[in-house]
Amino acid sequence: MTQQVRGVIAPGKNEPVRVEMILVPDPGPGEAVVQVRACGVCHTDLHYKQGGISDEFPFLLGHEASGVVESVGKGVTEVAPGDFVILNWRAVCGQCRACLRGRPQYCFDTHNARQKMTLVGGTSRTKLGGGTELSPALGIGAFAEKTLVAAGQCTKVDPAVAPAVAGLLGCGVMAGIGAAINTGGVGRGDSVAVIGCGGVGDAAIAGSRLAGAGRIIAVDIDDRKLETARRMGATHTVNSRSTDPVEAIRELTGGFGADVVIDAVGHPETYKQAFYARDLAGTVVLVGVPTPEMTLELPLLDVFGRGGALKSSWYGDCLPSRDFPMLIDLHLQGRLDLGAFVTETIGLDDIEKAFARMHEGDVLRSVVEF
């Protein structure tokens, strides 16, 4: 038996998103149907809409979500109907070489639901026929009243947390916090510089503060974002439009450079800034996502001579079953203000406007609430 629910699709490259009726099948073996409570509007969804990730249109957008498990398929034991969960896009397999080595956060065979959600019927707006299969963004598709996922994509957390706050750990906030704590290994007293103070960069700042960093330097070209970064925990700010960020970071760290520099932009120029702004034997973490045509050129002697580590951080190197409950508990204890990342709550019909607001510089997260 299938259910008809409202969902937001991207029908074609750069076309406006549409609210359509979709069919959600009953969960099969290893699957779960989740009643979505909230879903953040992430830049990755915009990339899907623009065709920057794949051309498997139409997409069912949305992936940064929380909700309540409605039903589960055969063999599911990790969650049960009624559980409040955060959705993740890396359900670990438990059998690949990374999992068997005790490093499931690097699982090489993550998976999604096997069944497909489909359109109820074609309309003149979408020109898509009934039964058209939808490609869920990051295997989730949570700009919908209900969605079908692999049960391993559901992580049970304390239901006392607000859904709009919890869902943010499903992608951007986890990516930033994890880049600092998991990938960068920020520790007590460390100096940290974060280049790019959007949602992910601010989460890296919050994660660095949580880890006990002594000096946290925020770098951006927008003074409004730098002010927000201060509220998230930055001790110093640098406007790189008017100031050389490498020199500024060195000056703020005794002339040495930061112990950890996090590039939350993902451009060759910002990566070079991160590379030269770190201390000898320091760590560079790339968490901003480059585009396919970008290339990087660095003198190999500089790579050799500076030592340290150059790392990329995919999903903050998180293990959802470990990290999501811990961070929710810290939030409920008042030690991690996840609510500060929610700029506004909106409805399904407002998602196209939310994409436009991303470019205005004053939104960390627009969150769809159901």
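Two strands are taken as paired if DSSP finds at least two bridges between them. In this predicted model, strand β15 (residues 278-286) meets that criterion on two counts, being joined to β14 by five bridges and to β16 by four.

The pairing of β14 (residues 258-263) with β15 is parallel. Within it, Asp263 has Leu286 of β15 as its bridge partner. Between these two strands the chain passes through helix α8 (residues 268-277), and β14, α8 and β15 together form a right-handed β-α-β unit.

The pairing of β15 with β16 (residues 309-312) is likewise parallel. Here Thr283 lies opposite Ala309 of β16. Helix α9 (residues 300-306) carries the chain from β15 to β16, and the resulting β-α-β crossover is right-handed.

Strands β14, β15 and β16 also contribute to the cover over the buried residues of helix α4. This helix spans residues 172-183, and 10 of its 12 residues are buried. The buried set comprises Gly172, Val173, Met174, Ala175, Gly176, Ile177, Gly178, Ala179 and Ala180, together with Thr183. Besides the three strands, the elements covering these residues include strand β5 (64-72) and the helices α5 (199-210) and α10 (320-332). After α4 comes Gly185, which has a positive phi, near 60°.

How values were computed
Residues numbered from 1 in each chain as written. Predicted model: local features only at pLDDT ≥ 70, side-chain atom pairs only at ≥ 80, totals over all residues. Heavy atoms only, no water. Right-handed = clockwise from strand over helix to strand, strands pointing away. Buried < 20%, exposed > 50% of the residue type's maximum accessible area, 1.4 Å probe, protein only. Contact = heavy atoms within 4.5 Å.
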